[in-house]
Amino acid sequence: MSTPSLFEPYKLGPLNLFNRIVMAPLTRNRAGSDLVPSPFAADYYAQRASAGLIITEATQVSKQAQGYQNTPGIYTPEQIAGWRPVTDAVHAKGGRIFVQLWHVGRVSHVDLHGGEAPVAPSAIRAETKTFVNNGFADVSEPRALDLEEIPGIVEDFRKAAANAIEAGFDGVEVHGANGYLLDQFLRETANVRTDAYGGSIENRARLLIDVTATVVSEIGAQRTGVRLSPASPASGIVPSKDEQPQFNHVVEALDRLGIAYIHVVEGATSGPRDARPFDFDALRKKFRNTYIANNGYDLELAKSRLAEGKADLFAFGHNFIANPDLVERLKSGAPLAPLNPATLYGGGAQGYTDYPTVSG
Ligand code: 8OZ
């Protein structure tokens, strides 16, 4: 078999992708007070539509799911309508776009919830900060979810998936990574529940698997992906001794659901790829459909991992911010522009839709 190229089309379930390069989800905090995507979002995503697949910034499935200011939602009619220009603009350029569905769990602040505590598997505060009131603040002490509340959270993901299709998305990515609610449930260091959602590896995986199965039943397995970050300390995740068997189990269960892809943050999110020992190849081998690899990839590493068969698609994050034409630049060898950290989070068009392409 000849070696596949990063720049050749790829079939993701029913979707024909231009290439094997994915725009990773990137939080940009530009939604308005009603958490509708900003009017600049359609332009921003359309500028990056030469990616094989765009995964949007993390997007709340409910009001309770919010942990940062100005991150968008997909649970009100106005938010659904606000996403429509985005999907239309990407599709007009032949691109493909999934929305990332998000519940932050304990990574939140009382000021985003009328003074009430954020929810979590257990009342264990994370050692991390969030962005609220125009500044960074320690996250608040969460309260443990009652068992009776869990079906409501699954239902929020189901509705958000239906809303995503209504808004014109090609599919959804369930955010199971980076220390947010579904990841919190997976970890013995964040989840000390004694009911069916805590304790054993199987029980800790239950919420992620229930959510994914429900999304699959709503919109179909071919339109569903899941992001995982098994060895990442993101958002105050404390390492646990059973990460490998935990994630082996998760991926086996996701494989049984037949979802389109797993999207794996290899190593520490936006940090070292070898932060702590973890066998990502084991996950690759357990999953029959598409494996999207992310974290610290450059062209050379992506090419070699593709040639070795270690991944199918490669997600680039920060480089897509300052290089709307990242695919063309990687292909031609044009230099990559650096991103301006000052305009990463919040603001308007500046540092968002004004990064030039090579062709101008
Ligand atoms: C950066 C800032 C805020 C949130 C993630 C959703 O890490 C995020 C995020 C990233 O998955």
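Which residue in S8 is the bridge partner of Val-132? The bridge partner of Val-132 is Gly-135, and this report starts from that pair before turning to the barrel, the ligand and some single residues.

The model is a predicted one, in which local features need pLDDT of at least 70 and side-chain atom pairs count only at pLDDT 80 or more, while totals for chains, interfaces and linings use all residues. Residues are numbered from 1 along each chain as its sequence is written, and side-chain values use heavy atoms, with hydrogens and water left out.

## The hairpin

Helices (H or I, at least four residues) and strands (E, at least two) are DSSP runs numbered from the N terminus, and two strands pair if DSSP finds at least two bridges between them. Strand S7 (residues 129–132) and strand S8 (residues 135–138) run antiparallel and are joined by four bridges. The two strands form a hairpin with two residues between them, and in that turn Asn-133 has a positive phi of about 50 degrees.

Rings of Phe, Tyr and Trp (its six-membered ring) pair if their centres lie within 6.5 Å, and planes under 30 degrees apart count as stacked, over 60 as edge-to-face and the rest as tilted. The count by this rule comes to 11 aromatic pairs. In the pair of Phe-131 and Phe-136 the ring centres are 4.9 Å apart and the planes stand at 75 degrees, so this pair is edge-to-face. Elsewhere, ring pairs link Tyr-44, Tyr-45 and Tyr-352 into a cluster.

## The barrel

A closed barrel of eight strands with parallel pairing runs S3-S4-S5-S10-S11-S12-S13-S14, and the twist from one strand to the next averages 25 degrees, where axes are lines fitted to C-alpha atoms (for helices over the stretch in contact) and angles run from 0 to 180 degrees between N-to-C directions. Three of the strand pairs are set out below, each with one residue and its partner.

| Strands | Pairing | Residue and partner |
|---|---|---|
| S3 (residues 21–23) and S4 (residues 53–60) | parallel, two bridges | Val-22 and Leu-53 |
| S5 (residues 97–102) and S10 | parallel, four bridges | Phe-98 and Gly-171 |
| S10 and S11 (residues 224–228) | parallel, four bridges | Val-172 and Thr-224 |

Burial is judged by relative accessible area: buried means under 20%, exposed over 50%, and partly exposed in between (1.4 Å probe, protein chains only). Strand S10 (residues 171–175) is mostly covered, with five of its five residues buried. In a regular strand the side chains alternate between the two faces of the sheet. From S10, Gly-171, Glu-173 and His-175 point one way, whereas Val-172 and Val-174 point the other way.

## The ligand

A residue is near a molecule or strand if one of its heavy atoms lies within 4 Å of it. The ligand is surrounded by Thr-27, Ala-58, Tyr-68, Trp-102, His-175, Asn-178, Tyr-180 and Tyr-345. A polar contact is a pair of N or O atoms within 3.5 Å; within protein, one must be able to donate a hydrogen and the other to accept it, and residues adjacent in sequence count only if both atoms are side-chain atoms. In the side chain of His-175, an N or O atom is 2.8 Å from an oxygen atom of the ligand. Asn-178 likewise has a polar side-chain atom that lies 2.8 Å from an oxygen atom of the ligand. Of the 300 Å² of accessible area that the ligand has on its own, the protein covers 78%; accessible areas come from the Shrake-Rupley method with a 1.4 Å probe, and for residues only the protein chains shown count as cover.

## Single residues

Most residues other than glycine have a negative phi, and most peptide bonds are trans. In Asn-29, phi is positive and near 50 degrees; this residue lies in the loop between S3 and helix H1 (41–47) and is buried, with a relative accessible area of 6%. In Asn-70, phi is positive and near 65 degrees; this residue lies in the loop between S4 and H2 and is partly exposed at 23%.

Arg-193, found in the loop between helix H4 (181–186) and helix H5 (201–219), counts as buried at 10% relative accessibility, and its side chain reaches the backbone oxygen of Pro-121 at 2.9 Å. By contrast, Ala-92 in helix H2 (residues 77–92) counts as exposed at 68% relative accessibility.
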